[in-house]
Amino acid sequence: MVVASLSASEYYYMNNGKKVYLTPQSLDGVQTRSSGSELRFKDENGKEVVVNSRLLVKFNSTENLERYLSAYGLSVVKKFEIGGGIYLLQASSPMSAMSAANELYKKPDVEFAQPDIARKRVLR
Amino acid sequence: MKKRNTIFLAFMLLFFTGCGGGGSGTTAYVASSIPCTLPDIDKNNLPPLPAASDFSANPLYRQQWAIHYDQNFYGQYRIFDDASIHMDGDQRFIGRSVKVAVIDDALDIYHEDLQGTIVQTYDVSTNSSDVLPSDGTQNHGMEVSGVIAARDNSLGLVGVAPEVELYFIKMPFSNTVSISEIVEAFAKAKEWGVDVVNCSWGSGDVSETVKAAIVDLARNGRGGKGTVIVFAAGNGGDDAVGDPIGNDESSIPEVIAVGATNIYNQRTEYSNYGPELDLMAPGGERLGITTTDRTGVEGDDPGNYVEYNSSSAFRGTSAAAPIVTGVAARLLEANPNLSRTDVMSVLKCSADKIDASGCGYDQNGFSQFCGYGKVNVNAALSLVR
């Protein structure tokens with residue numbers, strides 16, 4: 001299994017082909033590597049972002065799905081029948097979810113992969 | 001038979017100066033013709049013309065300035081004569097059998113003005129059908145739903161499309177909302193086969209994943225005709241002054257981004273703007289939009305309604321978006337053949353070019369501050385039958 005890890009300067013996720021950098025709300029590096037259910041960051045606009053242990057992936061082809069699940073220690077939670085089929089995958093920790101998403105984003109058979117980030121959505 | 005129409009709508013462009021509205025200020029009307037190209041509209045096998053409804057028995061109807069011109073009410077509050085969406089006249093198409101989904105915080109399913117309209121409900125957090133408010137802050141979904149779907153039942157107000165079938169999807173706006181919860185909401189709307197989706201919310205930072213879900217529903221929903229998805233454009237920041245829309249859900253080209261107008265038929269100061277903006281509708285500023293409230297003392301106000309002059313009155317692009325959603329439902333009843341792109345084109349082509357000096361429309365009839373103008377129900381309906 002590939003060991004998923006990120007250094008403190010590499011807290012980010014991919015959106016529309018660009019890295020979105022995150023700042024840990026706790027500077028405790030041990031905490032951000034823990035297997036707690038969620039971690040809190042601030043995005044580049046200072047907005048709070050919560051990272052849990054799941055990620056969302058759209059595959060161009062699912063031919064390598066099982067191989068990816070094994071390589072990153074993931075399991076399928078469900079497949080949403082929208083957007084051409086979006087998989088919700090479970091990782092072992094928030095950092096593993098973010099790292100796996102970033103690695104999968106680079107794969108040619110993956111259209112996009114993102115941690116299942118939660119943030120405040122504003123009623124208008 | 002389909003045919004391509006290029007219409008030249010003569011718009012009464014209003015130049016309004018001074019405060020007070022309702023004829024008290026200095027006004028001048030300048031007629032202008034702006035070309036607008038409509039797609040082919042399939043007018044084959046349309047349903048027969050239904051009998052017209054009369055909403056006057058609903059006791060709060062007179063104060064629904066956004067959708068109804070009441071001479072006394074307009075005069076009392078010096079509301080500009082053209083401030084409504086011009087829904088008066090022929091109330092034949094009122095959303096019958098059109099499936100409208102509202103994605104919002106909660107719904108009081110026992111409200112007297114929504115009885116008979118709610119078909120299905122779903123909570124993305126609990127995966128249950130329980131969408132009742134779970135804390136005292138969750139009144140927004142009630143307010144949005146009433147604007148669209150309040151029944152013509154002589155009890156309270158009347159929605160823009162009071163005969164729609166309402167589908168409600170609850171999201172946890174009191175806390176953070178995850179990407180997967182939003183994707184699930186749109187997947188549920190797709191599963192239910194809804195025709196129109198109202199989203200009076202946004203993130204200001206839409207993710208690639210959410211965008212993929214929304215675009216899929218917009219393009220492929222309704223059996224390939226496309227689901228009409230309406231988003232509130234947003235109300236600026238803490239300073240209550242409108243901001244650029246930016247990378248928001250409402251910026252997705254396949255959705256309708258709605259800004260807000262006031263009783264003076266002008267863009268409200270808080271309404272977000274930009275090249276992504278599509279349409280305007282009344283959202284209220286000094287006067288709010290009368291709508292349904294949680295039943296009894298649990299809501300924003302005592303009683304079952306939150307009225308236009310309440311300190312808690314419903315205002316914002318959240319109030320403007322469901323007005324456009326209701327109009328879209330009316331169009332789809334009038335002509336079920338319409339595709340999502342047809343509806344968007346018709347609404348834009350038939351919109352009133354309000355406040356020409358303040359909005360600054362270009363040669364294509366577009367303004368970054370007012371989109372293609374304020375939605376006009378009767379003008380839109382005239383293009384689809």
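**Exercise 1.** Find what share of the contacts in chain B with a separation of 6 or more comes from residues 24 or more positions apart.

Solution. Take two residues as in contact if their C-beta atoms, placed from the backbone, lie within 7 Å. Residues 24 or more positions apart then account for 74% of the contacts in chain B with a separation of 6 or more. The model is predicted: local features need pLDDT of at least 70 and side-chain atom pairs pLDDT 80 or more, while totals for chains, interfaces and linings use all residues. Residues are numbered from 1 along each chain as its sequence is written, and chains are lettered from A and ligands numbered from 1 in the order written.

**Exercise 2.** State how many of the 385 residues of chain B, as a percentage, count as buried.

Solution. A residue is buried if 20 or more other C-beta atoms, placed from the backbone, lie within 10 Å of its own. By this count 61% of chain B is buried. The C-alpha trace spans about 55 × 50 × 45 Å along the principal axes of chain B.

**Exercise 3.** Describe the open sheet of chain A that contains β6 and identify its edge strands.

Solution. Strands are DSSP runs of E, at least two residues, numbered from the N terminus; two of them pair if DSSP finds at least two bridges between them. Four strands of chain A follow the order β7-β8-β6-β9, with antiparallel pairing. At the edges, β7 (75-80) and β9 (110-115) of chain A each pair on one side only. Between β6 (residues 54-59) and β9 of chain A there are five bridges. In this chain, A:Phe59 stands opposite A:Val110 of β9(A).

Definitions and conventions:
Buried ≥ 20, exposed ≤ 12 C-beta atoms within 10 Å, placed from the backbone.
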